[in-house]
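User: Please go through the structure below and show how each label follows from its cut-off.

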Amino acid sequence: MASEIQFFKYQGAGNDFVLIDDRSGLFDSKNEKLIQQLCDRRFGIGGDGLMLLQDTNNFDFRMVYFNADGKEGTMCGNGGRCIVAFARDLGLIDNETVFLAVDGRHEASIQDNQVRLGMVNVDHYTMDGEAFVLNTGSPHYVQFVDDLANLNVGQLGAEIRNAPTYVEQGINVNFVEQEADGNYFVRTFERGVEAETYACGTGAVASAMSVALQSGMDNTFSIPIRVLGGALRVEFQKQGHHFSNVFLLGPAKQVFTGHI
């Protein structure tokens, strides 16, 4: 592998990622220390995760996602939106795409810097006390709270993520509060990052589905989500416990590019 790596930095609602065009297949994806270094905010580029864009049959590209700890991760919704913008900026796609990720096929469209990303259907959830637990491509714990702005998300999120039920596999922990304007404010503690992030795409989806479950209604939902890094929207159809036609909408922008 070349000693110099060209990288691209993208962010989606403040969830930031190192992206690498790996269609050559030369990146050493088994090197956890390298990925940790590239994601390090003091000694590297800095990011909540790293993504490789790779060639694959029958799809426009393949998305391979790594958490900041260097380990390959589950689906990342904001990462998915960023890699769609990356593919567009590379000239691989126009304004629509179908790509492959760890949880399967994803369709997406992009207009300017707004990406509409298709997510997996969800057919199952459980309860942990009053919290909803569901997998939207990554596992999520969703708890409704008051005064979310002043909640110690780092401490409480770490306690739940490292509780005996979840410590082995890890879980992303979301806290949700309905705001006066009808938006839902969501803050997320992410496993793999082991800290609060400015946004979490699969967490926004899980939180929106929990809102719908709490409502008890079957309907077509379009739920505005406010995160620390900006605004997202989640759309889906709900029938009982079944969620289909799931889409995550929000911005994705290139921040800078360089060599390291």
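Analyst: Two strands pair if DSSP finds at least two bridges between them. Strands are DSSP runs of E with at least two residues, helices are runs of H or I with at least four, and both are numbered from the N terminus. The model is predicted, with local features needing pLDDT of at least 70 and side-chain atom pairs counting only at pLDDT 80 or more, while totals for chains, interfaces and linings use all residues. Residues are numbered from 1 along each chain as its sequence is written, and side-chain values use heavy atoms, without hydrogens and water.

User: What makes strand 1 and strand 2 a pair?

Analyst: Five bridges join strand 1 to strand 2 (residues 15–21), and the rule asks for at least two, so they pair. The two run antiparallel, and Gly 12 stands opposite Asn 15 in strand 2. Two residues lie between the strands of this hairpin, where Ala 13 takes a positive phi near 55°.

User: Which other strand is joined to strand 1, and by how many bridges?

Analyst: Strand 17 (residues 253–259) is joined to strand 1 by six bridges, again antiparallel. With at least two required, these strands therefore pair as well. Gln 11 stands opposite Lys 253 in strand 17.

User: How do you know that strand 1 is mostly covered?

Analyst: Five of the seven residues in strand 1 (residues 6–12) are buried, that is, under 20% relative accessible area with a 1.4 Å probe and protein chains only; over 50% would be exposed, and in between partly exposed. In the whole protein chain, buried residues make up 52% of the 260.

User: Why does Arg 187 count as buried?

Analyst: Its relative accessibility is 11%, which is under 20%, so Arg 187 is buried. Arg 187 lies in strand 12 (residues 184–190). Beyond four places in sequence, Arg 187 is in contact (heavy atoms within 4.5 Å) with ten residues' worth of surroundings that include Leu 148, Val 173, Phe 175, Glu 196 and Leu 228.

User: What lies 3.3 Å from a polar atom of the side chain of Arg 187?

Analyst: The backbone oxygen of Ala 149 does.

User: What joins the side chains of Glu 179 and Arg 226, and what makes that label fit?

Analyst: The side chains are joined by a polar contact of 2.5 Å. The term covers a pair of N or O atoms within 3.5 Å; within protein, one must be able to donate a hydrogen and the other to accept it, and residues adjacent in sequence count only if both atoms are side-chain atoms. Glu 179 lies in the loop between strand 11 (172–178) and strand 12. Outside its neighbours within four places, Glu 179 is in contact with Phe 185 and Arg 226.

User: Why is the protein chain called as compact as a globular protein of that length?

Analyst: The chain has four helices and 17 strands. Its radius of gyration is 18 Å, close to the 18 Å from the globule rule for 260 residues, so the label holds. That radius is taken over C-alpha atoms, and the rule is 2.2 Å times the number of residues to the power 0.38.

User: Which residues have the most contacts inside the largest nonpolar core?

Analyst: Met 63, Ile 225 and Phe 236 do, in a core of 53 residues. Helix 4 (residues 201–215) gives the most to this core, with eight residues. A second, separate core of 15 residues includes Ile 5 and Phe 66. A nonpolar core is a set of buried Ala, Val, Leu, Ile, Met, Phe, Trp, Tyr and Cys residues joined through side-chain atoms within 4.5 Å.
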